[in-house]
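User: I want to know how the labels for this structure are earned. Can we go through them one by one?

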Amino acid sequence: MMRLFIVLITILVLNSCNNTDKKTEKRMPARPELSQDSKIFLGNRLFSEKTCITCHAVATKKIGPSVVDIMHVYKKNNADIVAFLKGHSKPIVDTTASQVAIMQANIDGFLKEITDEELNAIATYMVHVDQLRKK
Ligand code: HEC
């Protein structure tokens, strides 16, 4: 009787260990979304790390349109920056072929390596910088 009891307990314990393992595995990808501040912080970092800053200044035109000019067009059209950076939507800010080709090279190149979370952070940062200018 005692033996059976011990065997039962062992099975129960082993089972519960297994369950926790499965639970942690499942929980891993469901990391909570970054806070607004963390997104802006990460987006700011990526904007220079990923060299966006070399072509896009906040308020003046460099090689590409300024962030303020981009946001102006995107807000007016209720357009999605992440979709554009993923190559899912067409350019709407500067549609000159030679200009589009420069940006398209980024989308086909290093932007392929970037995660959705990072793209999201970049877009959040661009919205934030534009709002700061208006304050
Ligand atoms: C080598 C220069 C260059 C770099 C680097 C660059 N861009 Fe651009 N970008 C351009 C040019 C030129 C345009 C104008 C053509 C266009 O509108 O598609 C543009 C346009 C855009 C647009 C507007 C697209 C539209 O709808 O017309 C967005 C948004 C954008 N860039 C975001 C980024 C982000 C984010 C990065 C960094 C991850 C980046 N760019 C890096 C040159 C660059």
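User: Why is the site of the iron atom of the ligand called octahedral?

Analyst: This is a predicted model, where local features need pLDDT of at least 70, side-chain atom pairs count only at pLDDT 80 or more, and totals for chains, interfaces and linings use all residues. Residues are numbered from 1 along each chain as its sequence is written, and side-chain values use heavy atoms, with hydrogens and water left out. Six donors count as octahedral if opposite donors are over 155 degrees apart and all others between 65 and 115. Here the 6 donor atoms make angles of 89 to 178 degrees, so the site is octahedral.

User: What makes His56 and Met103 donors to the iron atom of the ligand?

Analyst: Donors are N, O and S atoms within 2.8 Å of the metal (3.2 Å for Na, K and Ca); water is not among the atoms, so sites may look incomplete. His56 (NE2) and Met103 (SD) coordinate the iron at 2.0 to 2.2 Å, so they qualify. Histidine 56 lies in the loop between helix 3 and helix 4, and methionine 103 in helix 6, so the pair ties together parts 47 residues apart in sequence. Helices here are DSSP runs (H or I, at least four residues).

User: How do you know that tyrosine 74 makes a polar contact with the ligand?

Analyst: A polar contact is a pair of N or O atoms within 3.5 Å. A side-chain N or O atom of tyrosine 74 is 2.6 Å from an oxygen atom of the ligand, so the pair counts. Asparagine 106 has a polar side-chain atom 3.2 Å from a ligand nitrogen.

Technical notes. Polar contact = N/O pair within 3.5 Å; in protein donor to acceptor, adjacent residues only side chain to side chain. Tetrahedral: all angles 85-135°; square planar, octahedral: opposite > 155°, others 65-115°. Helix = DSSP H or I, 4+ residues; strand = E, 2+ residues; numbered from the N terminus.
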